[in-house]
Amino acid sequence: MTATPTITSPLRLAGISKQFGAVTAIQQFDLEIEPGEIVALVGDNGAGKSTLVKIISGLYQPTNGEIWISGERAELSDPSDARARGVEVVYQDLALVDLQPVYMNLFLGRELTRGPLRTLDRARMARETQELVDELDIRIPSARAQLSDLSGGQRQGIAIARATHWASGLVLMDEPTAALGVAETARVEETILKLKERGAAVLIVSHNMEQVFRVADRVTVLRRGTQVGTRVVSETSHNELVAMITGLAS
Ligand SMILES: Nc1ncnc2c1ncn2[C@@H]1O[C@H](COP(=O)(O)OP(=O)(O)OP(=O)(O)O)[C@@H](O)[C@H]1O
Ligand SMILES: [Mg+2]
């Protein structure tokens, strides 16, 4: 790690370790992400990638190490702590509700209301959702469309839009395109690059090396819980990354 520590980094991890009983899922992991930077987290199955995402999103607590979010030391006892600090997560298996319109999904659990009776302010939620999907260039029929009428790529676009809307600086993505086809993956990657333009820091777990080269600025490699190295994407190669992931010389 060569990044200079700055107090305003959206995310800084120092010496993060996680034990599950006798299993060491993560060992001494360090990372700092700058605003507008996309860092890919790669590694084989079971390397510890999702565990790390869950630690940063407050789902798991690290056994050791420090998490700093926007320059502040963060003790995340559950996901609401992470959300309160502006950290949002996009999962492969979407946490979306099929039988609701797009705008309700965008505001899930944080619905806008109006008046003393706290009636759902559907018009405002629909308007704000439409503005956001337009800004991110996510092509859906309407913010009022039922979620079940959208394609997988459109749905993943909505999941990313939701994370963007609520994140103040950091978006975590665990294999956001794993279930998508080529064209849909391309659309979602465009949305991820829009997040970068907006100044968000993104940590993206991916098994897709081409994707890493298309979207990420840096890539960090985990092998069986150990951080093997971090590279600037423009200064590494597919072969070097595969060698780091597998532990075999290229
Ligand atoms: N809740 C848990 N309890 C016990 N062990 C766990 C738990 N979660 C993860 N592990 C273990 O930690 C290790 C890392 O798992 P993790 O899910 O982080 O891998 P991953 O890199 O995301 O893999 P994949 O690419 O298959 O998604 C594995 O050995 C896994 O069995
Ligand atoms: Mg995983």
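## Arg118 and Asp137: two loop residues

With 10 C-beta neighbours inside 10 Å, Arg118 counts as exposed; the cut-offs are that a residue is buried if 20 or more other C-beta atoms lie within 10 Å of its own, exposed if 12 or fewer, and partly exposed in between, with C-beta atoms placed from the backbone. You will find Arg118 in the loop between β7 (113-114) and β8 (119-120). Its phi is positive, about 55°, although Arg118 is not a glycine. Element names such as β7 come from DSSP runs, numbered from the N terminus: helices are H or I runs of at least four residues, and strands are E runs of at least two.

Asp137 sits in the loop between α4 and α5. Asp137 has a positive phi of about 60° although it is not a glycine, and it counts as exposed because 11 C-beta neighbours lie inside 10 Å.

## About the model

This is a predicted model, in which local features need pLDDT of at least 70 and side-chain atom pairs count only at pLDDT 80 or more, while totals for chains, interfaces and linings use all residues. Residues are numbered from 1 along each chain as its sequence is written, and chains are lettered from A and ligands numbered from 1 in the order in which they are written.

## Overall fold

The protein chain has eight helices and 12 strands. Its radius of gyration is 18 Å, close to the 18 Å that the globule rule gives for 250 residues, so the chain is as compact as a globular protein of that length. Here the radius is taken over C-alpha atoms, and the rule is 2.2 Å times the number of residues to the power 0.38. The C-alpha trace spans about 60 × 40 × 35 Å along its principal axes.

Of the 250 residues, 40% count as buried. Two residues are in contact if their C-beta atoms, placed from the backbone, lie within 7 Å. Among contacts between residues at least 6 apart in sequence, 65% join residues at least 24 apart.

## The shell around ligand 1

Which residues surround ligand 1? They are Phe20, Val23, Ala25, Gly43, Asn45, Gly46, Ala47, Gly48, Lys49, Ser50 and Thr51, where a residue is near a molecule if its C-beta atom, placed from the backbone, lies within 6 Å of it. β2 (23-33) and α1 (49-56) each supply at least two residues of this shell, and α1 gives the most, with three.

By class, the shell has four nonpolar, six polar and one charged residues. In this scheme Ala, Val, Leu, Ile, Met, Phe, Trp, Tyr, Cys and Pro count as nonpolar, Asp, Glu, Lys and Arg as charged, and the others, Gly among them, as polar.

## Helix α5

Helix α5 (residues 152-166) has 15 residues and reaches 21 Å from its first C-alpha to its last, close to the 21 Å expected at 1.5 Å a residue; the expected span is 1.5 Å times one less than the number of residues. The helix is mostly covered, with 12 of its 15 residues buried. Among them are Ile158, Ala159, Ile160 and Ala161, along with Arg155 and Arg162.

What do the buried residues of α5 pack against? Their partners are β6 (87-91), α3 (102-106), α4 (122-135), β9 (170-174) and α6 (182-197).

## From β1 to β5

Arg12 is found in strand β1 (residues 11-20) and is buried, because 23 other C-beta atoms lie within 10 Å. Five bridges join β1 to strand β4 (residues 64-69), and the two run antiparallel; strands pair if DSSP finds at least two bridges between them. Opposite Arg12 in β4 stands Trp68.

β4 also pairs with strand β5 (residues 72-73), in the antiparallel sense over two bridges, with Ile69 opposite Glu72. Their hairpin has two residues between the strands, and Ser70 takes a positive phi near 50° there.

## β11, β12 and helix α8

Strand β11 (residues 218-223) and strand β12 (residues 226-232) pair in the antiparallel sense over six bridges. The bridge partner of Arg218 is Val232 in β12. This hairpin has two residues between the strands, and Arg224 takes a positive phi near 45°.

Ile245, in helix α8 (residues 238-246), is partly exposed, with 18 other C-beta atoms within 10 Å. The C-alpha atoms of Ile245 and Arg224 are separated by 9.2 Å, and the two residues are 21 apart along the chain. Leaving aside neighbours within four places in sequence, Ile245 is in contact with Val42, Gly43, Asp44, Val221 and Arg223. Gly43 also belongs to the residues around ligand 1.
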